[in-house]
Amino acid sequence: MEPKAAKLNGNKTSILSISSIKGGVGKSVTAVNLAASLAVTIAPEGGRVLLVDLDPQCNATDALIPGGVEEGKSLTHSIEQKRPLDEILVSTPVENLDLVGASRRLATIQRTYEGSRLQHLLLEPLFNSEKLADYRYIILDLHGSDNCLLTSALYQSDYYIIPLKSDAFSSNALTDMLLIAEELSQLNPNLTLLGCVLTQYRITAGGSRGRASAASRYFEKAIRQLAEEANFKVFNTIIPYSDAVDSSIAKGVPLLLSAPQAPVTLHRLAGEVSPLLIGKRRGRRRVPKVNVVKQVETQYIAEPFDYEGYEEASVG
């Protein structure tokens with residue numbers, strides 16, 4: 001059965017999940033700031049951007065709406081009361097960017113519907129709205145676990161991006177996420193991996209034009225080599241680790257608006273992603289070779305990374 005979203009929007013809206021089952025990899029930072037950048041730089045040419053927070057921790061919601069949203073305007077309310085998008089969405093400080101916010105009670109949804117035969121349909125009430133056609137891009141921010149909310153998000157999505165923290169455990173999370181998406185493709189055969197984005201990249205000095213740490217540089221090279229062998233994309237843009245992230249969350253505004261140096265990186269990522277978002281895909285899609293990724297993961301476990309003496313390299 002085709003998702004309700006595809007039937008109502010004429011296949012023009014692109015729905016993109018930012019997903020990983022590993023926590024602390026920068027999913028919310030990527031989702032919020034990619035959505036904001038798309039809204040500011042691209043959406044004015046045609047349509048708006050919608051960000052949907054599916055994480056009970058509410059990080060994306062808090063980053064845009066300090067204090068969060070009212071329960072009656074939350075995704076939890078939409079699922080429990082079967083309310084459509086036009087009754088739930090709220091505006092944000094970013095022009096052309098709207099939000100469906102999360103609440104802490106979203107954890108109740110996880111417990112109630114986990115393992116249900118119809119758990120992939122949880123977002124159907126939300127997307128059962130003509131309002132969907134107003135949006136050119138819909139970005140879904142997910143919690144770092146394999147649960148019914150992840151299943152329902154991937155079922156509705158045309159695409160997904162996997163954030164990879166620049167450390168030795170990235171391959172584990174990559175394998176698990178690819179396996180989940182592969183299984184979900186039985187329900188949503190058009191689900192397509194756009195690529196992976198490297199996050200929390202360590203810069204040792206000099207800001208964005210400083211020097212990449214030896215570890216970050218080593219893992220970047222390893223992941224890019226793996227991508228060539230396993231038939232998936234790693235975006236050229238990297239998202240460096242920055243204290244500005246915590247500061248932007250405290251202020252309740254995206255990095256795009258709170259840190260003068262941030263827009264360059266964020267716009268670069270949006271510039272790489274947007275040409276790939278073409279609505280509902282038809283025909284053949286690029287399929288990652290999960291078995292190759294799995295083999296590399298096994299190798300890393302057997303032979304831990306050894307980057308001692310690996311030279312730091314200039315970035316920027």
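**View 1. Start of helix 7 in the predicted model: a side chain of Asn147 meets the backbone of Leu149.** A side-chain oxygen of Asn147 comes to within 2.9 Å of the backbone nitrogen of Leu149. This contact sits at the start of helix 7. The helix spans residues 148-156.

**View 2. Helix 7, largely enclosed by the rest of the structure.** Nine of the nine residues of helix 7 are buried, so the rest of the structure largely encloses this helix. The buried residues are Cys148, Leu149, Leu150, Thr151, Ser152, Ala153, Leu154, Tyr155 and Gln156. Which strands does helix 7 touch where it packs on the sheet? The next two views set out the sheet and then that packing.

**View 3. An open sheet of eight strands.** The strand order is 3-4-2-5-1-6-7-9. Pairing in the sheet is mixed. Strand 3 (90-91) and strand 9 (234-240) form the edges. Each has a single partner strand, so one side of each lacks a neighbour in the sheet. Strand 6 (residues 159-165) and strand 7 (residues 192-201) run parallel as a pair, joined over seven bridges. Tyr160 has Leu193 of strand 7 as its bridge partner.

**View 4. Helices 7 and 9 against the sheet.** Helix 7 touches strand 1 (14-18), strand 2 (48-54), strand 5 (135-142) and strand 6. The direction of helix 7 makes about 160 degrees with that of strand 5. Helix 9 (residues 214-230) also packs on the sheet. Its contacts are with strand 6, strand 7 and strand 9. The direction of helix 9 makes about 160 degrees with that of strand 9.

**View 5. One aromatic pair, Tyr218 with Phe219.** A search of the whole structure finds one such pair. Are the rings of Tyr218 and Phe219 stacked or edge-to-face? Their centres lie 5.8 Å apart and their planes stand at 85 degrees, so the pair is edge-to-face; planes over 60 degrees apart count as such. Tyr218 is partly exposed, at 23% relative accessibility. Phe219 is buried, at 6% relative accessibility. The cut-off for buried is under 20%.

**View 6. The whole chain, for context.** The chain has 316 residues, and 57% of them count as buried. Its secondary structure comes to 13 helices and ten strands. Among contacts between residues at least 6 apart in sequence, 82% join residues at least 24 apart. The chain exposes about 13700 Å². Carbon and sulfur atoms supply 48% of that area.

Conventions. Residues numbered from 1 in each chain as written. Predicted model: local features only at pLDDT ≥ 70, side-chain atom pairs only at ≥ 80, totals over all residues. Heavy atoms only, no water. Helix = DSSP H or I, 4+ residues; strand = E, 2+ residues; numbered from the N terminus. Buried < 20%, exposed > 50% of the residue type's maximum accessible area, 1.4 Å probe, protein only. Contact = heavy atoms within 4.5 Å. Areas by Shrake-Rupley, 256 points an atom, 1.4 Å probe, with all protein chains shown as cover. Polar contact = N/O pair within 3.5 Å; in protein donor to acceptor, adjacent residues only side chain to side chain. Pairing = 2+ DSSP bridges. Axes fitted to C-alpha atoms, helices over the stretch in contact; angles between N-to-C directions. Phe/Tyr/Trp six-rings, centres within 6.5 Å; stacked < 30°, edge-to-face > 60°.
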